[in-house]
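Good morning, colleagues. I should like to take you through one structure, beginning with its overall make-up and then turning to selected side-chain interactions. Please keep the display in view as I speak.

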Amino acid sequence: MTNAPDMLGARILIVDDQASNVTLLEQMLSEAGYTCVDSTMNPQEVCALHRKNGYDLILLDLQMPLMDGFQVMEGLKTNDADGYLPVIVLTAQPGHKLRALQAGARDFISKPFDLVEVKTRIRNMLEVRLLYRRLENFNTVLERTVEERTAELRESEARYRSLTELASDWYWEQDETGNFTKVSGPVLEMLGIRVATFAGETSGGEMAGWNEAEREALQEKIAARQPFLDFVFSRTNADGSDQRFQVSGEPMFDRSCRFIGYRGIGVELTAGK
């Protein structure tokens, strides 16, 4: 619900070519406590005034010379940025009520005025209008927050990758099937094999000499979706030299807690001799 200060501080525009009607509505609104009330007897000014002031409510007479209320509403539709036409039409013609609602008016007030009805319809209209504005503002803040959070996450990920590249020989990511999707660093030169075999796969032409027990232990951790820190595995090259590698990795999950792969870093502990 909206509070009294918001309601009474709402911006209202009265549009009627009859001075007596304008005076009556101004007096009624003033006595009810509304503090931001404007008026005009020239319908051609309405669009410019609304564009400038962004009224929460426009009390619009339908029968006016030069430009009737229906034409004013059509003009308002072209400059009302929030897509909500805050209009209550004023009419003495019962047949105009349905047409006005179809044209975009939110409500109508019959002439001659019943002041109790006028106050009630204005209050109801303003309550809806101010709640609409509050929702619109909330959505704007929410969108901005999401954009800022997304930018922060991207910056954080960039910093993370920069740090891991400085602290390691390579950075890697795998998808849920074990295929490598991202690799940075001299992995191919360092391991001498396809990076796919790093997860324990086998393929024709890969370099032999891996410690199979170590590789099986690593593969078990990955299959169980467990994180691992400073896991060491090794191989013996054809010339008799040994190489040792150390890797750390963690499983990745999306917002639905679905496993989507692994990411981690690796370093070579000993160069081949």
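Let me begin with a definition: helices (H or I, at least four residues) and strands (E, at least two) are DSSP runs, numbered from the N terminus. This is a predicted model, in which local features need pLDDT of at least 70 and side-chain atom pairs count only at pLDDT 80 or more, while totals for chains, interfaces and linings use all residues. Residues are numbered from 1 along each chain as its sequence is written, and side-chain values use heavy atoms, with hydrogens and water left out.

First, the overall picture. The chain contains 8 helices and 10 strands. Of its 273 residues, 39% count as buried; here buried means under 20% relative accessible area, exposed means over 50%, and partly exposed lies in between, with a 1.4 Å probe and protein chains only. The accessible surface of the chain is about 15,200 Å², and carbon and sulfur atoms hold 53% of that surface. Accessible areas come from the Shrake-Rupley method with a 1.4 Å probe, and for residues only the protein chains shown count as cover. As for contacts, meaning heavy atoms within 4.5 Å, residues 24 or more positions apart account for 55% of those with a separation of 6 or more.

I turn now to the N-terminal part. Met7 belongs to helix 1, residues 4-8, and is buried, at a relative accessible area of 1%. Its C-alpha atom is separated by 9.7 Å from that of Thr35, which is 28 residues away along the chain.

Next, helix 3. Which residues of helix 3 are buried? In this helix, residues 46-53, they are Val46, Cys47 and His50. These residues lie on the same side of helix 3, because they cover an arc of only 95 degrees around the axis; the arc is that of the directions from the helix axis to the C-beta atoms. Their cover includes strand 1 (11-15), strand 2 (36-40), strand 3 (57-61) and helix 4 (69-79). After helix 3 comes Gly54, with a positive phi near 55 degrees.

The loop that follows brings us to the salt bridges. A salt bridge is a side-chain nitrogen of Lys or Arg within 4 Å of a carboxyl oxygen of Asp or Glu. The structure holds 9 of them. In one, the side chains of Asp56 and Arg11 meet at 3.6 Å, N to O. This pair links distant parts of the chain, since Asp56 sits in the loop between helix 3 and strand 3 and Arg11 in strand 1, 45 residues apart. Asp56 is buried, at 3% relative accessible area, whereas Arg11 is partly exposed, at 34%.

Another salt bridge joins Arg121 and Glu117, at 2.8 Å, N to O. These two residues are 4 residues apart in helix 6, and therefore separated by about one helical turn. Arg121 is partly exposed, with 23% relative accessible area, and Glu117 is partly exposed at 23%.

Helix 6, residues 115-167, also contains Leu135. Leu135, Phe138, Leu142 and Val146 form a nonpolar surface patch, with about 390 Å² of accessible area together. Patches are made of residues with over 30% relative accessible area and no salt bridge, like charges being joined within 9 Å and nonpolar side chains (Val, Leu, Ile, Met, Phe, Trp, Tyr) within 5 Å.

Towards the C terminus, a salt bridge connects Arg263 and Glu250, whose closest N and O atoms are 2.9 Å apart. Arg263 lies in strand 10 (residues 259-270) and Glu250 in strand 9 (residues 242-253), so the pair ties together parts that are 13 residues apart in sequence. Arg263 is partly exposed at 22% relative accessibility, and Glu250 is partly exposed at 33%. Elsewhere, Asp16, Asp61 and Lys111 are joined into one network by salt bridges that share partners.

Finally, the aromatic rings. How many aromatic pairs does the structure hold? There are 5. Rings of Phe, Tyr and Trp (its six-membered ring) pair if their centres lie within 6.5 Å; planes under 30 degrees apart count as stacked, over 60 as edge-to-face and the rest as tilted. Phe253 and Phe259 have ring centres 5.8 Å apart and planes at 65 degrees, so this pair is edge-to-face. Phe253 is partly exposed, at 44% relative accessibility, while Phe259 is buried, at 9%. Ring pairs link both residues with Trp172, Phe228 and Tyr262 into a cluster.
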